[in-house]
Amino acid sequence: MIEPASPRCSDITIPVTISSQNADLPSGFSLADPDAGEIIANLMFNVSIHGSYNIAATFCEPEVYVPTRANTLQLLVHGATYARSFWSGVGFGDDEYSWIAFASMQGYPTLSIDRLGNGLSDHPDPVAVIQIPAHVEVVHAIAQLAKAPDSTLPRAFQKVIYIGHSVGSVTGNALNVKYPHDVDATILTGFSSSLPQNLPVVNFLVPASVEDPKRFGSLLPGYLQVSSEPAVIASFYSPGGFDPALAHFDFETRDTITVGEIVTLDYSVARAPGYTAPLLVSTGEFDELYCNPRATPNQTASCKTPSGNILAQTEALYPSAKPYTWNEVSNAGHNWPLHFAGQIGFKAAHDWLGCVGF
């Protein structure tokens, strides 16, 4: 290992052109529509979407040069109501909550993106376009671009590790279903095969243009924000495991989720039998979203159930992964990277990468 050098990060724009098969939703569809439940239950993914979009991203060369990792890119894909700053601790405090900083010290280059419809990326139709199938095509395009000899990224790479959180993990799972050979390893955080059907936080979704007109006044009504800070904290954080000042900052700087994402979320958690690379699922032991199948209130979530650990059972999605590994981050909720246990989770994930040859 060579002595650390100064970290080099730059904000870039990645043009992508995608074609996806999206769900057929009525124009102006709202979750409050009287027949919304019936429409969601009978979705047909038969609408062809074509478009060219700009994806905002941050590329970072690592502080520590490790020759065996210099050409392996970590592609970081955030969850709903966030942007790429999630991977830097949402901009709160120092590097304690920063995945990017931890990866940098381990010698990994990183590319964190704003998903289509979030942050500084383009904001197309939130119902017809911003759905999980479109997200899959975006990350597919970026993964291919990263390995292309004539890549328009700052440089080309030999290997790509996909790292997602929450909706970013759902997107990664769907990527592995459709394009099982796109990436060389996968880490899915804030994820399992168990997603409750009635998330309490959904009851507090309102148009972002109404909730925060200063930031989102120009967006269509299908771009939503959570209006309740207690609901965000109850859904994303585990009592006693986080800094309340961080959680408040998180709420004040939150981004959006779209109607199209919500509607297509459950349909995108599926088996990926063709995926044969290493895969790690890393989820907080008290994850209210993915370790709470009954969507029970009052912080009763646990990945441990009478029938076994939900994260172990998630292996059913990846029968051919070599290997499938799971890690339960102790004393943490859904947003475990933003908990006191974040550094423990970062270390476990990067130790795993080392063990599987990265």
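Leaving aside its neighbours within four places in sequence, which residues is I14 in contact with? Select I14 and find out: the contacts are Y53, N54, I55, A57, L111, I142, L145 and L153. Keep in mind as you click around that this is a predicted model.

**Stop 1: the core**

Keep I14 on screen and add W99, L111, I113, I142 and Y318. These six residues touch the most other members of the largest nonpolar core, which has 111 residues. Now colour helix α3, since α3 gives the most to this core, with 9 residues.

**Stop 2: W99**

Next, zoom in on W99, which is found in helix α2 (residues 99-105). Is W99 buried or exposed? Its relative accessibility is 1%, so W99 counts as buried. Show the surroundings of W99 and, not counting residues up to four places away in sequence, you'll see it touch Q74, L76, W87, I163 and I187, along with T189, W336, F346, A349 and H350. For a sense of scale, draw a distance from W99 to Q158: their C-alpha atoms are separated by 21 Å, and the two residues lie 59 apart along the chain.

**Stop 3: the eight-stranded sheet**

Switch to cartoon view and pick out the open sheet of 8 strands. Follow the order β1-β2-β4-β3-β5-β6-β10-β13, where the pairing is mixed. The edges are β1 (8-22) and β13 (324-329); each has a single partner strand, so one side of each is left without a neighbour in the sheet. Look along the sheet for its twist: neighbouring strands are turned by 20° against each other on average, direction ignored.

For one pairing in detail, select β2 (residues 47-61) and β4 (residues 110-113), which pair in the antiparallel sense over 4 bridges. Where is the bridge partner of C60? Look in β4, where T110 is that partner.

**Stop 4: helices on the sheet**

Bring back α3, which lies across β1, β2, β3 (72-77), β4 and β5 (159-165) and runs at about 130° to β1. Then select helix α11 (residues 342-355), which packs on the sheet too. Helix α11 touches β3, β5, β6 (185-189), β10 (279-284) and β13, and its direction makes about 160° with that of β6.

**Stop 5: α3 meets α4**

Select residues 132-147 for α3 and residues 167-178 for α4; their axes come within 9 Å and cross at roughly 70°. The two helices are therefore roughly perpendicular to each other. Show side chains here: I132, H135, V136, E137, V139 and H140 in α3 meet V167, V170, T171, A174, L175 and K178 in α4. By type, the residues of this contact divide into 7 nonpolar, 3 polar and 2 charged.

**Stop 6: the three-stranded sheet**

Now find the open sheet of 3 strands, ordered β7-β8-β9 with antiparallel pairing. Here β7 (205-207) and β9 (257-258) stand at the edges, each with a single partner strand, so each has one side left without a neighbour in the sheet. Select β8 (residues 223-226) as well: 2 bridges join β8 to β9. In that pairing, Y223 stands opposite T258 in β9.

**Last stop: P34**

Finish at P34, found in the loop between β1 and α1 (36-41). P34 has a relative accessible area of 88% and is exposed. Draw one more distance, from P34 to E96: these residues are 62 apart along the chain, and their C-alpha atoms are separated by 45 Å.

Definitions and conventions: Residues numbered from 1 in each chain as written. Predicted model: local features only at pLDDT ≥ 70, side-chain atom pairs only at ≥ 80, totals over all residues. Heavy atoms only, no water. Axes fitted to C-alpha atoms, helices over the stretch in contact; angles between N-to-C directions. Parallel < 35°, antiparallel > 145°, perpendicular 65-115°, else oblique. Contact = heavy atoms within 4.5 Å. Nonpolar A, V, L, I, M, F, W, Y, C, P; charged D, E, K, R; others polar. Core = buried A, V, L, I, M, F, W, Y, C linked by side-chain atoms within 4.5 Å. Buried < 20%, exposed > 50% of the residue type's maximum accessible area, 1.4 Å probe, protein only. Pairing = 2+ DSSP bridges.
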